[in-house]
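Got your viewer open? Load the model and keep the selection box handy, and we'll go from stop to stop.

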Amino acid sequence: METIRERLEEDLRTAVGRLRQLGGAVAVEEVPGAIGDNSPYADEVDEIQANERREIGFATRELLVDRVNRLSAALERLNSGDYGTCIECEEAISPARLRALPEVQTCVRCQDRIERMGRHLEEDEEELEAVSDDE
Ligand SMILES: [Zn+2]
């Protein structure tokens, strides 16, 4: 288990480092009302591009925050002896999967199910709010 711990700790340091670098860059674009707020005639293309850039920033940072959370959770689980057990069905996660993705908390089957549910929800939202640009 020592190598997994070392790998998790190293991945955690890397992810936190990236998050710090990214934090400064994203904060500039997070100023409330900075985009299109005081100009009803703002050029739509500019606005869409700004929103896309902002969303890419959010997405990347969300992914990193997510990774940091999962890596710290994995380290905690390693300490408490729960590491390698699926948090959904409590079955053992396959060693090959843990080697490939040491921070995973779910077995392949549960991960598949969660991803399908996620995609399904996103599709529903797009149908209901096709023109919404709210986050
Ligand atoms: Zn499972």
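Here is a walk through the model, from the overall fold to single residues.

**Whole chain**

Start with a cartoon view, and keep in mind that this is a predicted model. You should count four helices and zero strands, so the order from the N terminus reads α-α-α-α. Switch on a surface next: the accessible area of the protein comes to about 10,100 Å², and carbon and sulfur atoms hold 50% of that. Of the 135 residues, 21% are buried. If you draw the contacts between residues at least 6 apart in sequence, 59% of them join residues at least 24 apart.

**Colour by confidence**

Now colour by pLDDT. The average over the protein is 78, with 71% of the residues scoring at least 70. Among the elements, helix 3 comes out highest with a mean of 91, while helix 4 is lowest at 77. Then select residues 25–39, where the pLDDT is below 50. Beyond near neighbours in sequence, that stretch still has 13 contacts in the model. A word of caution before you zoom in there: predicted coordinates should not be read in detail where pLDDT is low.

**The zinc ion**

Select the zinc ion and show sticks around it. Which atoms coordinate the zinc ion? They are the SG atoms of Cys86, Cys89, Cys107 and Cys110, at 2.3 Å. Put angle labels on the four donor atoms and you'll get 105 to 117 degrees, a tetrahedral site. For reference, the ideal angle for four tetrahedral donors is 109.5 degrees. Along the chain, the donors of the zinc ion follow the spacing C-x2-C-x17-C-x2-C.

Stay with two of those donors. Cysteine 86 sits in the loop between helix 2 (44–80) and helix 3 (95–100), and cysteine 107 in the loop between helix 3 and helix 4 (108–128), so the pair ties together parts that are 21 residues apart in sequence. Both cysteine 86 and cysteine 107 are buried.

**Next door: glutamine 105**

Select glutamine 105, found in the loop between helix 3 and helix 4. Is glutamine 105 buried or exposed? It is buried, because its relative accessible area is 18% and the cut-off for buried is under 20%. Show what it touches, leaving aside neighbours within four places in sequence: the contacts of glutamine 105 are Arg70, Ala73, Arg77, Thr85, Cys86, Ile87 and Ile93. Cys86 in that list is one of the zinc donors you just visited.

**The nonpolar core**

Go to the largest nonpolar core, a set of 16 residues, and pick out Leu8 and Tyr83, which touch the most other members. Helix 1 (2–28) and helix 2 are the elements that give two or more residues to this core. Helix 2 gives the most, with six residues.

**Two distances to draw**

From Leu8, draw a line to leucine 101. The two are 93 residues apart along the chain, and their C-alpha atoms are separated by 9.7 Å. Leucine 101 lies in the loop between helix 3 and helix 4, and at 38% relative accessibility it counts as partly exposed.

For the last stop, select arginine 99, in helix 3. Arginine 99 is exposed, with a relative accessible area of 58%. Draw its C-alpha distance to isoleucine 4: the label should read 8.0 Å, for residues that are 95 apart in sequence.

Definitions and conventions: Residues numbered from 1 in each chain as written. Predicted model: local features only at pLDDT ≥ 70, side-chain atom pairs only at ≥ 80, totals over all residues. Heavy atoms only, no water. Buried < 20%, exposed > 50% of the residue type's maximum accessible area, 1.4 Å probe, protein only. Contact = heavy atoms within 4.5 Å. Areas by Shrake-Rupley, 256 points an atom, 1.4 Å probe, with all protein chains shown as cover. Donors = N, O, S within 2.8 Å, 3.2 Å for Na, K, Ca; no water. Tetrahedral: all angles 85-135°; square planar, octahedral: opposite > 155°, others 65-115°. pLDDT = per-residue confidence, 0-100. Core = buried A, V, L, I, M, F, W, Y, C linked by side-chain atoms within 4.5 Å.
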